Amino acid sequence: MNTYPDAVSVFVVPPSLEVLESRLIARSTDSEASMQLRLASAKKEVQASSRYQYVLVNDDLDKAVGQLHEIINTETLRRHRMGHALASYLTADFEEKENG
């Protein structure tokens, strides 16, 4: 995460390992061995979730997409990301006072 210090990190997780397993079975794209490897990897990945700024539980796709939009909107409006807008506003305000 430190490689991109301005990045916003979102950990997307299914509601449970059981749901993940059900989704993998329903897809029918992985062998049994591959599914077991993916489930074992998921357990390890969840342990790393504390390194992320946000955790998004993908229990309902529309809800998860909406929450992701909320995260994007929130992060876009953070003061440190709005510096350019504030700087131009303050500069314009200052010039108006000098010319006025």
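About 8,000 Å² of the chain is exposed, and carbon and sulfur atoms supply 55% of that area. The model you are looking at is a predicted one. Of the chain's 100 residues, 13% count as buried.

**The overall layout**

Let us walk along the chain. It holds four helices and two strands, and starting from the N terminus the elements follow the order β-α-α-β-α-α. Contacts tell you how the chain folds back on itself: among those with a separation of 6 or more, 59% join residues 24 or more positions apart.

**The core between α1 and α2**

Which residues make up the largest nonpolar core? The five are Leu20, Leu24, Met35, Leu39 and Ala42. Two elements, α1 (17-27) and α2 (32-47), each give two or more residues to this core. Of these, α2 gives the most, with three residues.

Leu24 is a good residue to click on. Not counting residues up to four places away in sequence, Leu24 touches Asp30, Met35, Arg38 and Leu39. Met35 and Leu39 are core members, just as Leu24 is.

**Two helices with two sides**

Now look at α2 by itself. Its buried residues are Met35, Leu39 and Ala42. They sit on the same side of α2, because they cover an arc of only 55° around the axis. A simple rule helps here: an α-helix has 3.6 residues a turn, so residues three or four places apart point the same way. The buried residues of α2 pack against α1. Turned away from this buried side is a face that carries the exposed residues Ala33, Leu37, Lys44 and Gln47.

The helix α3 (61-76) can be read in the same manner. In α3, the buried residues are Ala64, Ile71 and Glu75. Seen down the helix axis, they fall within an arc of 25°, so they line one face of α3. What covers them includes the strands β1 (10-13) and β2. On the other side of α3 you will find Asp62 and Glu70, which are exposed.

How far apart are the end C-alpha atoms of α2, and how far should its 16 residues span? At 1.5 Å a residue, α2 should span 22 Å, and its end C-alpha atoms are 23 Å apart, so the two values agree. For α3, also with 16 residues, the expected span is 22 Å and the end C-alpha atoms are 22 Å apart, which again agrees.

**Residues in the loops**

The loops deserve a visit too. The table lists four loop residues with their relative accessibility.

| Residue | Relative accessibility | Class |
|---|---|---|
| Ser28 | 61% | exposed |
| Ser49 | 17% | buried |
| Gln53 | 48% | partly exposed |
| Arg78 | 38% | partly exposed |

Begin with Ser28, found in the loop between α1 and α2. Its phi is positive, about 55°, although Ser28 is not a glycine. Is Ser28 buried or exposed? Its 61% relative accessibility is over the 50% cut-off, so Ser28 counts as exposed.

Next comes the loop between α2 and β2, where Ser49 has its place. At 17%, Ser49 is under the 20% limit for a buried residue. Leaving aside neighbours within four places in sequence, Ser49 is in contact with Phe11 and Val55.

Gln53 lies in this loop between α2 and β2 (54-57) as well. Which residues does Gln53 contact, leaving aside its neighbours within four places in sequence? They are Ala7, Val8 and Ser9. With Ser9 there is a further detail to see: the side chain of Gln53 reaches the backbone nitrogen of Ser9 at 2.8 Å. Gln53 and Phe11 are 42 residues apart along the chain, and their C-alpha atoms are separated by 7.9 Å.

Finally, Arg78 belongs to the loop between α3 and α4 (83-99). Arg78 is partly exposed, because its relative accessible area of 38% falls between the 20% and 50% cut-offs. Its side chain makes a polar contact with the side chain of Glu75, at 3.0 Å. You have met Glu75 already: it is one of the buried residues of α3.

Notes:
Residues numbered from 1 in each chain as written. Predicted model: local features only at pLDDT ≥ 70, side-chain atom pairs only at ≥ 80, totals over all residues. Heavy atoms only, no water. Core = buried A, V, L, I, M, F, W, Y, C linked by side-chain atoms within 4.5 Å. Buried < 20%, exposed > 50% of the residue type's maximum accessible area, 1.4 Å probe, protein only. Contact = heavy atoms within 4.5 Å. Expected span 1.5 Å × (residues − 1). Arc of directions from axis to C-beta. Polar contact = N/O pair within 3.5 Å; in protein donor to acceptor, adjacent residues only side chain to side chain. Areas by Shrake-Rupley, 256 points an atom, 1.4 Å probe, with all protein chains shown as cover.
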